[in-house]
Amino acid sequence: MHRLFIAALRAGIAAAILLGLFGQIVVIPTTAADEVGRFPPYAPYATPYVTVAILGVACVQVALVATWMLLDMVRRGAIFTPRAFRWVDIIIGSSVVATLLAIGVTGHLTLASVPSPDDGMEVISTLIAATASAGVGAAFAMLVVIMRGLLRQATDLQTEIAEVV
């Protein structure tokens, strides 16, 4: 992989991590406080949902750090080593945790009677978003598991070729 391409990817990863940090510190808590100010019955739900949102962003950040480390291994030509599996497993784990968080939110919104200021469309749209997030998270985790299997095969072939040579 070309060095310029790796540098561009790293810049994008760094920007995404910083943007996520800004969201965790400023955007998520401020938005929750604004919603509680606009509709006080949301107050009991603010802290749990803010916590879940911050944890969800943290899962994405963990996956980005693991991707950064894999990019470093690609740059050094060491991607086909057993050490790469640790970083791929971290990406799988963080996506599974994020998916479980989204499933928890979906379950809570389905079973709890969350108040709504108008006709309930806010809760319905949040339920749809949480369901979609759970589906996308599960699909991403399965895709990375498949890619891990391909990495395993490529690593085994690399090892086999190295023994022959």
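**A tour of two pockets and a helix pair**

Select first Leu 70, Ile 79, Val 88, Ile 91 and Met 147, which lie nearest the centre of the second largest pocket, among its 17 lining residues. On a 1 Å grid over the protein atoms alone, a pocket is an open set of points where a 1.4 Å probe fits, with protein on both sides within 12 Å along at least five of seven lines; lining residues have an atom within 4 Å of a point. The model is predicted: local features need pLDDT (the predictor's confidence in each residue, from 0 to 100) of at least 70, side-chain atom pairs count only at 80 or more, and totals for chains, interfaces and linings use all residues. Residues are numbered from 1 along each chain as its sequence is written, and side-chain values use heavy atoms, without hydrogens and water.

This pocket holds about 460 Å³, the space filled by probe spheres set on points joined across faces, edges and corners. Helix α4 gives the largest share of its lining, 7 residues. Helices are DSSP runs (H or I, at least four residues) numbered from the N terminus.

Next, select Tyr 49, Val 50, Ala 53, Val 105 and Thr 126, the residues closest to the centre of the largest pocket. Its volume is about 960 Å³, and α2 contributes the largest share of the lining, 9 residues.

Finally, display α3 (residues 83-111) and α4 (residues 121-164), whose axes come within 8 Å and cross at roughly 160°. Axes are lines fitted to C-alpha atoms, for helices over the stretch in contact, and angles run from 0 to 180 degrees between N-to-C directions.

Conventions. Helices (H or I, at least four residues) and strands (E, at least two) are DSSP runs, numbered from the N terminus.
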